[in-house]
Amino acid sequence: MSRIGRMPIEVPQGVNVEIKGTHVRVKGPKGQLEHTFPAAMNITLKEGVITVERPSDEGTHRALHGMTRAIINNMVVGVTDGFEKVLEINGVGYRAEMKGKNLVIHVGYSHPVEIEPPEGITFEVGERNRIIYVRGYDKAKVGQVAADIRKVRPPEPYKGKGIKYQDERIRRKAGKAGKV
């Protein structure tokens, strides 16, 4: 059995889970998520605990087992607590600011880059306009929006300028060697 797949998912108070075959809908205080899983997986809800079972020990079923459980768990955690990605801006004159709900980034281009948040995502700028918080209840969407922001000016290896994740380490390179 998959170690992750066989772990039960506890449904917290205030979260409503509807399971129709392999279609799962989760409603909570932060929002609503729904997902349709492969027909092979058996998803059950009993007494506030969701369990995922697989029909056989076949390789594809083993892979789907853990993935299905992880996605359902992320849905439950997302609608209760939410997810957050933290980005850091490094570079002289580089900064971010809020313009209403939109995020405006100044990263050395001739124009500021304005990013509009998709539904369910919020931005926040903190600590001297150098830190960007991306928050939302859908883990995949939060990660994708954070990756799109990082793509505006990825960190470069010589001076480390650009937008990076807060826990990301940049491999630095030496500059020109010069004549000896």
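This passage describes the strand pairings, the largest pocket and the ring contacts of a predicted model.

Two open sheets are considered in turn. One consists of three strands in the order β1-β6-β5, and its pairing is antiparallel. The edges are taken by β1 (9-10) and β5 (42-46). Each of these has a single partner strand, so one side of each is left without a neighbour in the sheet. Strand β6 covers residues 49-53. Five bridges join β6 to β5, and the two run antiparallel. Within this pairing, Thr44 stands opposite Thr51 in β6.

The other sheet also has three strands and is open. Its order is β8-β9-β10, with antiparallel pairing. Here β8 (95-99) and β10 (113-115) stand at the edges. Both have a single partner strand, so one side of each lacks a neighbour in the sheet. Neighbouring strands of the β8-β9-β10 sheet are turned by 25° against each other on average, direction ignored. Strand β9 spans residues 102-106. It pairs with β8 over five bridges in the antiparallel sense. One of the contacts in this pairing involves Glu97, whose bridge partner in β9 is Val104. Strands of a sheet pair through backbone hydrogen bonds, either parallel or antiparallel.

A further pairing links β3 and β4. Strand β3 comprises residues 23-27. It meets β4 in the antiparallel sense, over five bridges. The two strands form a hairpin, with four residues between them. Lys27 has Gln32 in β4 as its bridge partner.

Strand β4 also contributes to the largest pocket. This pocket has a volume of about 180 Å³. Its lining is made up of Leu33, Glu34, His35, Ile71, Asn74, Met75, Tyr137, Asp138, Lys139 and Ala140. Three elements give two or more residues each to this lining: β4 (32-36), α1 (59-80) and α2 (139-152). By class, five of the lining residues are nonpolar, two are polar and three are charged.

Contacts between charges and aromatic rings were also examined. The charged end of Arg153 sits over the ring of Tyr109, at 4.3 Å from the ring's centre. Lys85 lies over the face of Tyr165. In that case the distance from the ring centre is 5.4 Å. Pairs of aromatic rings, with a cut-off of 6.5 Å between centres, give a count of zero.

Key. Residues are numbered from 1 along each chain as its sequence is written. This is a predicted model: local features need pLDDT of at least 70, side-chain atom pairs count only at pLDDT 80 or more; totals for chains, interfaces and linings use all residues. Side-chain values use heavy atoms; hydrogens and water are left out. On a 1 Å grid over the protein atoms alone, a cavity is a set of points where a 1.4 Å probe fits but cannot get out, and a pocket is an open set with protein on both sides within 12 Å along at least five of seven lines; lining residues have an atom within 4 Å of a point. Grid points are joined across faces, edges and corners, and a volume is the space filled by probe spheres set on the points. Ala, Val, Leu, Ile, Met, Phe, Trp, Tyr, Cys and Pro count as nonpolar, Asp, Glu, Lys and Arg as charged, and the others, Gly among them, as polar. Two strands pair if DSSP finds at least two bridges between them. Axes are lines fitted to C-alpha atoms, for helices over the stretch in contact, and angles run from 0 to 180 degrees between N-to-C directions. Rings of Phe, Tyr and Trp (its six-membered ring) pair if their centres lie within 6.5 Å; planes under 30 degrees apart count as stacked, over 60 as edge-to-face and the rest as tilted. A charge sits over a ring if NZ of Lys or CZ of Arg is within 6 Å of the ring centre and within 35 degrees of the ring normal.
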